[in-house]
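Biologist: Got a minute to go through this one with me? I'd like to start with what's packed inside.

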Amino acid sequence: MKNIFRALVIGLTFSFMTLAVSAATFTVNTTNDTVDATPGDGICADAASACSLRAAISEANALAGDDTITLPAGDYTQTLVAANEDLNAGGDFDITGNVTINGAGAGTTNIQANAAAGAATERVLNVRAGATVVLNGVTIRNGRFTGTMTAATRGAGIENLGSLTLNNSIVSGNQLNSTSGNPIGAGIHNAGTVLTLTGTTVTGNVNTRVTGGSAFGGGVSSIVATAITINNSSVSGNSAISLAGGFGFGAGIY
C-alpha cells in the first residue's frame, strides 16, 4: 500500500509539472492596442478585461510552452508609441516566446503599424532571438522607418532574429526611407536561424535611399548564413531604389 501511495504522489507531481509548462491558447476579442494587465498569469486581459493582440503576445512571451493565438478577422493597428522598445509595451509587436498566430485569412486579418502606408514610425513585428513563430493567414503591412538607418531599423514589416514561418500570408506596403545609413529589408529582414515562406506573397514593399548611398532588399533581405525556404510563394512588385547615385540591391530578395 505504501508503494502504491508513493506512486500516486509521484504521478500527481509530474502531472502538475506538466500542467505548469503546458501550452496556452488565447483568443483575441478586441482590435484595440492595449497592454496585458498581469503578464504571466495565464489570462489575456487588459484593464477592461479584453484580450488584445498585444496582451496575448505578452502572455505568450511570459509563459513556457508553445502557445497559440487565435486572431479573428479585423485590422489590428498599433496605437501605443514606444520607439526602440523590445518588451512589447508599445510600438512594434515584440515576440520573445514560441507562438503560433492563426488569422482568419490574409484577406481579412491585418496586423499593421498604421492604417495607411507611409505614415507609421515603427515596424510591424519583431521576432526576437530564441523565439519560434508561425504566422498563418495574416497580412503584415504598413510598417515604416524614416531618417537615419541603424541596425535597429532593419525590416519595416518584420524583423526576424529567431525562427519564422509564414503560411498563406501577405507582407505588403512596408517602407524604408533613408536619409543616412544603410536601409535593409523593407518587407522582411532575416537575421535569425530559419525563415520559411509557404503560400505567401511579399509585394509592394519599398526601400529608398534618399541621400548618400545604396538600398538593400525591397521584399526580403538576409545578411546571415541561415536556412531560407520559399514554397509556392510570390515575391514581386517590390523595389530597392537609390536617389543619390548609389545602387538598389535586390528589389525582390537581397
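Modeller: Sure, and bear in mind that this is a predicted model. The largest nonpolar core has 37 residues, and Leu135, Ile140 and Ile158 touch the most other members.

Biologist: Which elements give two or more residues to this core?

Modeller: On the helical side there's helix 2 (53-62). The strands are strand 2 (67-71), strand 4 (93-95), strand 5 (99-103), strand 7 (125-127), strand 8 (132-136), strand 12 (163-167) and strand 16 (194-198). The largest share, 5 residues, comes from helix 2.

Biologist: And what does Leu135 touch, leaving out residues up to four places away in sequence?

Modeller: Its contacts include Ile101, Leu125, Ile140, Ile158, Leu164 and Leu166. Thr165, Asn167 and Ser169 are also touched by Leu135.

Biologist: What's in the second core?

Modeller: That one is separate and has 5 residues, among them Phe145, Met149, Ala156 and Ala186. As background, nonpolar side chains tend to be buried together in soluble globular proteins.

Biologist: Back to helix 2. How many of its residues are buried?

Modeller: 8 of the 10, so helix 2 is largely enclosed by the rest of the structure. The buried ones are Leu53, Arg54, Ala55, Ala56, Ile57, Ser58, Glu59 and Ala60, so both Arg54 and Glu59 come under the 20% limit on relative accessible area.

Biologist: What do those buried residues pack against?

Modeller: Strands: strand 1 (25-27), strand 2, strand 3, strand 4, strand 5 and strand 6.

Biologist: New topic, holes. How many cavities of 30 Å³ or more does the structure hold?

Modeller: The count is 1, and about 30 Å³ of space lies in the largest cavity.

Biologist: What lines it?

Modeller: The lining of the largest cavity is Thr31, Asn32, Asp33, Ser52, Leu53, Arg54, Tyr76, Thr77 and Phe93. Helix 2 and strand 3 (74-77) each supply at least two of the lining residues. By type, the lining splits into 3 nonpolar, 4 polar and 2 charged.

Biologist: Okay, aromatics. How many pairs does the count come to?

Modeller: 4 aromatic pairs. Take Phe216 and Phe249: their ring centres are 5.1 Å apart and the planes are at 10 degrees, so the pair is stacked.

Biologist: Where do those two sit in the chain?

Modeller: Phe216 is in strand 19 (residues 215-216) and Phe249 in strand 24 (residues 248-249). They are 33 residues apart, so this pair links distant parts of the chain.

Biologist: Are they buried or exposed?

Modeller: Phe216 counts as buried, at 15% relative accessibility. Phe249 is partly exposed, with a relative accessible area of 34%.

Biologist: And how are the rings of Phe247 and Phe249 arranged?

Modeller: Their centres are 5.8 Å apart and their planes are at 45 degrees, so that pair is tilted. Phe247 is exposed, with a relative accessible area of 54%.

Biologist: Which residues form the aromatic cluster?

Modeller: Phe216, Phe247, Phe249 and Tyr254 form one cluster.

Biologist: What about Ser221, buried or exposed?

Modeller: Buried, with a relative accessible area of 0%. Ser221 lies in strand 20 (residues 220-222). It touches two of the aromatic cluster's residues, Phe216 and Tyr254. Setting aside residues up to four places away in sequence, Ser221 also touches Ile184, Gly185, Ile188, His189 and Asn190.

Biologist: And Ile228, where's that found?

Modeller: Strand 21 (residues 227-231). At 38% relative accessibility, Ile228 counts as partly exposed. Apart from neighbours within four places in sequence, Ile228 is in contact with Asn190, Leu195 and Ser222.

Biologist: How far apart are Ile228 and Leu195?

Modeller: In sequence, 33 residues; in space, 4.9 Å from C-alpha to C-alpha.

Biologist: Last one: where does Ala116 lie?

Modeller: In the loop between strand 6 (109-112) and strand 7. Ala116 is partly exposed, with a relative accessible area of 37%. The C-alpha atoms of Ala116 and Asn142 are separated by 6.4 Å, and these residues are 26 apart along the chain.

Conventions. Residues numbered from 1 in each chain as written. Predicted model: local features only at pLDDT ≥ 70, side-chain atom pairs only at ≥ 80, totals over all residues. Heavy atoms only, no water. Core = buried A, V, L, I, M, F, W, Y, C linked by side-chain atoms within 4.5 Å. Buried < 20%, exposed > 50% of the residue type's maximum accessible area, 1.4 Å probe, protein only. Helix = DSSP H or I, 4+ residues; strand = E, 2+ residues; numbered from the N terminus. Contact = heavy atoms within 4.5 Å. Phe/Tyr/Trp six-rings, centres within 6.5 Å; stacked < 30°, edge-to-face > 60°. 1 Å grid on protein atoms, 1.4 Å probe; cavity = no way out; pocket = protein on both sides within 12 Å on 5 of 7 lines; lining within 4 Å. Points joined across faces, edges and corners; volume = space filled by probe spheres on them. Nonpolar A, V, L, I, M, F, W, Y, C, P; charged D, E, K, R; others polar.
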